[in-house]
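Hi,

Here is the structure I said I'd pass on. Have a look at it first, and my notes follow below.

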Amino acid sequence: MTKMTTTANMRISPKPSAAGEIPFLDLKLQHDAVAGKLQAASTRVMNSGWYILGPELEIFEKAFAEYIGTKYCIGVGNGLEALALILKGLGICTGDEVIVSAHTAIATWLAITQVGATPVPIVPGAYYNLDAGLVKKAVTQRTKAILAVHLYGHPVDMDELQSIVQGKNIHIIEDVAQAHGALYKGKKTGGMGIAGGFSFYPTKNLGALGDGGAVTTNDDALAQKIRKLRNYGSDKKYQHDIQGINSRLDELQAAYLSVKLPMLDKWNKDRKDIAALYKKQLRDCSHITLPETAPWADAVWHQFVIRCKQRDSLQAHLAKDGIQTLIHYPVANHLQGAYKGQYDSKSYTSYELLTKEVLSLPIYPGLDTADVEYICDSIKAWSRA
């Protein structure tokens, strides 16, 4: 099997031909489309002499809030801290429980444990997202929030979650790290819960050229508190009203994001077109299960994840054909060293099976139709063998 690396270290060489190596991700293709504007933004920030909590951040926060459809956007250091700041801002702490998908990046769980709360993992249901029936059974008197992860760019069924918390003092928080611009019944993800936590890690649908994150919310008090928390608990220099942290989206990354935000819908459409081509080419392919989309969802395909019982064999075959793939996620969070022994593995047997079957195929703006067809031909050849 091919040696696996993180997406942060994926090769970003020029776009390959269908007969050559196809990288899992090629960020250079995306950045080439706005290279001049990115360079101008860098020069502008450098010449301004203002690098933290300045006008570039204010411009991006306003634009992103308008894009999502919320009153507020608060730029922070990264996606993990966005979620942790929301939880802390809501007063969630030791002794509290937060219901969350078992199948998500570990950052989602780490945000919960950072504030001292306990993750209550739910085996994923349809579309790899939270199963509302299992969520309802998991609610206890200690439940303070449901952390809804819009995984792989597909929205969670928010109405079902809202029906569960109705009349209860339980917040719904959205993890929107993989769903920038996704729609649930015509509404943007990140604008339906009490707050949404975004990551702008470079590989995201809207990515910075470094780490970055944001919180979106319509709640006045929560927005004010998170603004303080991200800046040492202060909204006035040398006056610290609460115990905060240092988690601020810097001016340079905000300027880059302002350049890329107007391109997001186009880039998401590129992803949708690639996903549609995968589905068309592979619909009759045996041995693999294609991802589905709910009729109420407009997914943005952060990842295109298939399932295959002989996943490792398929991955090795694709690698031999020069096609890079990744596994999201190869080790379940409850089996990671950080959480080892805290959960009964017998309760997550079906989920552990899923981790042995999922495989993410290349999907990114600029990926050629010929390259997608080459990938599909390789999969079909493996399936017939």
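Tyr152 is buried, because its relative accessible area is 5% and anything under 20% counts as buried. Bear in mind that this is a predicted model. Tyr128 is buried as well, with a relative accessible area of 12%.

I mention these two tyrosines together because Tyr128 and Tyr152 form an aromatic pair, with 5.3 Å from centre to centre and 75° between the planes; planes over 60 degrees apart make a pair edge-to-face, so that is what this one is. What parts of the chain does the pair link? Distant ones: Tyr128 sits in the loop between β3 (118–122) and α6 (132–138), while Tyr152 is in the loop between β4 (143–149) and α7 (158–165). The two residues are 24 apart along the chain.

There are more rings to look at, as the count of aromatic pairs comes to 13. Take Phe64 and Tyr67, whose ring centres are 6.3 Å apart: their planes meet at 20°, so this pair is stacked. Both residues belong to helix α3 (residues 55–68), where they are 3 residues apart, about one turn of the helix. Phe64 and Tyr67 are both buried. They also belong to a cluster that ring pairs build from Phe60, Phe64, Tyr67, Phe198 and Phe200. Tyr67 has another partner too: Lys188 lies over the face of its ring, 3.7 Å from the ring centre.

Now for the helices. Which helix does α3 pass in a left-handed crossing? That would be α9, which covers residues 251–260. The two axes come within 8 Å and cross at roughly 40°, so α3 and α9 are oblique to each other. On the α3 side, the contact is made by Pro55, Glu56, Leu57, Ile59 and Phe60. You'll recognise Phe60 from the ring cluster. On the α9 side, the residues are Glu251, Ala254, Ala255, Leu257 and Ser258.

A second helix pair is worth pulling up: helix α10 (residues 264–282) and helix α13 (residues 369–384). Their axes come within 10 Å and cross at roughly 35°, and here α10 passes α13 in a right-handed crossing. From α10, the contact uses Ile274, Leu277, Tyr278, Gln281 and Leu282. From α13, it uses Thr369, Val372, Glu373, Ile375, Cys376, Ile379 and Lys380.

Cheers

Note on methods:
Residues numbered from 1 in each chain as written. Predicted model: local features only at pLDDT ≥ 70, side-chain atom pairs only at ≥ 80, totals over all residues. Heavy atoms only, no water. Phe/Tyr/Trp six-rings, centres within 6.5 Å; stacked < 30°, edge-to-face > 60°. Helix = DSSP H or I, 4+ residues; strand = E, 2+ residues; numbered from the N terminus. Buried < 20%, exposed > 50% of the residue type's maximum accessible area, 1.4 Å probe, protein only. Lys NZ or Arg CZ within 6 Å of the ring centre and 35° of its normal. Axes fitted to C-alpha atoms, helices over the stretch in contact; angles between N-to-C directions. Parallel < 35°, antiparallel > 145°, perpendicular 65-115°, else oblique. Left-handed = near helix turned anticlockwise from the far one by under 90°. Contact = heavy atoms within 4.5 Å.
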